[in-house]
Amino acid sequence: MSPFVKYTLARLGMFAAVLVVLVLLPLPVSLVVKVMIALLISLVLSFFLLKKMRDEMSDYIAGTVQRRQAEKDKLRAALAGEDEDAPPAASTADAPAEDPKKD
């Protein structure tokens, strides 16, 4: 499972746990207010408790961006004819010009 999915599930789980606790407490506020309070509390808790998971997710995303950039650069080099593995591109100057009056 990717770090992104694990972090997201941990955040949702933390929110759900806090919301359950708030719903079970006999507070004289509406459910909407309890949901907002649960969002704020889970945000603060996740900032401190999920630091390691957040760092893993950040490294995972940075690695993905670097890998995609390397693939993009390799593709651009191949299309420009700079890649030694790519076959040489045919030039239009080498091909004989067609006479438009022939048809």
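These questions and answers look at how the helices pack in this predicted model.

User: What makes H1 oblique to H2?

Analyst: Helix H1 (residues 3-24) and helix H2 (residues 31-49) pack at about 135 degrees. Roughly perpendicular ends at 115 degrees, and roughly antiparallel needs over 145. The angle falls between those limits, so H1 is oblique to H2. Their axes lie 8 Å apart, and the crossing is right-handed.

User: How do you know that Arg11 in H1 and residues in H2 meet?

Analyst: Contact means heavy atoms within 4.5 Å. Arg11 is listed on the H1 side, along with Met14, Phe15, Val18, Leu19, Leu22 and Val23. On the H2 side, the residues include Leu31, Lys34, Ala38 and Leu49. The residues of this contact divide into 15 nonpolar, 2 polar and 2 charged.

User: Why is the set with Phe15, Val18, Leu19, Leu22 and Ala38 called a nonpolar core?

Analyst: Such a core takes buried residues of listed nonpolar kinds, joined through side-chain atoms within 4.5 Å. Buried means under 20% relative accessible area. These 5 residues form the largest nonpolar core, and H1 supplies its largest share, 4 residues. In soluble globular proteins, nonpolar side chains tend to be buried together.

User: What does leucine 22 contact, leaving aside its neighbours within four places in sequence?

Analyst: Leucine 22 is in contact with Leu27, Lys34, Ile37, Ala38 and Ile41.

User: Which way do H1 and H3 cross, left-handed or right-handed?

Analyst: The crossing of H1 and H3 is left-handed. Helix H3 covers residues 51-79, and its axis crosses that of H1 at roughly 145 degrees. The residues of this contact divide into 8 nonpolar, no polar and 3 charged.

Key: Residues are numbered from 1 along each chain as its sequence is written. This is a predicted model: local features need pLDDT of at least 70, side-chain atom pairs count only at pLDDT 80 or more; totals for chains, interfaces and linings use all residues. Side-chain values use heavy atoms; hydrogens and water are left out. Axes are lines fitted to C-alpha atoms, for helices over the stretch in contact, and angles run from 0 to 180 degrees between N-to-C directions. Helices (H or I, at least four residues) and strands (E, at least two) are DSSP runs, numbered from the N terminus. A crossing is left-handed if the near helix is turned anticlockwise from the far one by less than a right angle, and right-handed if clockwise. Ala, Val, Leu, Ile, Met, Phe, Trp, Tyr, Cys and Pro count as nonpolar, Asp, Glu, Lys and Arg as charged, and the others, Gly among them, as polar. Buried means under 20% relative accessible area, exposed over 50%, partly exposed in between (1.4 Å probe, protein chains only).
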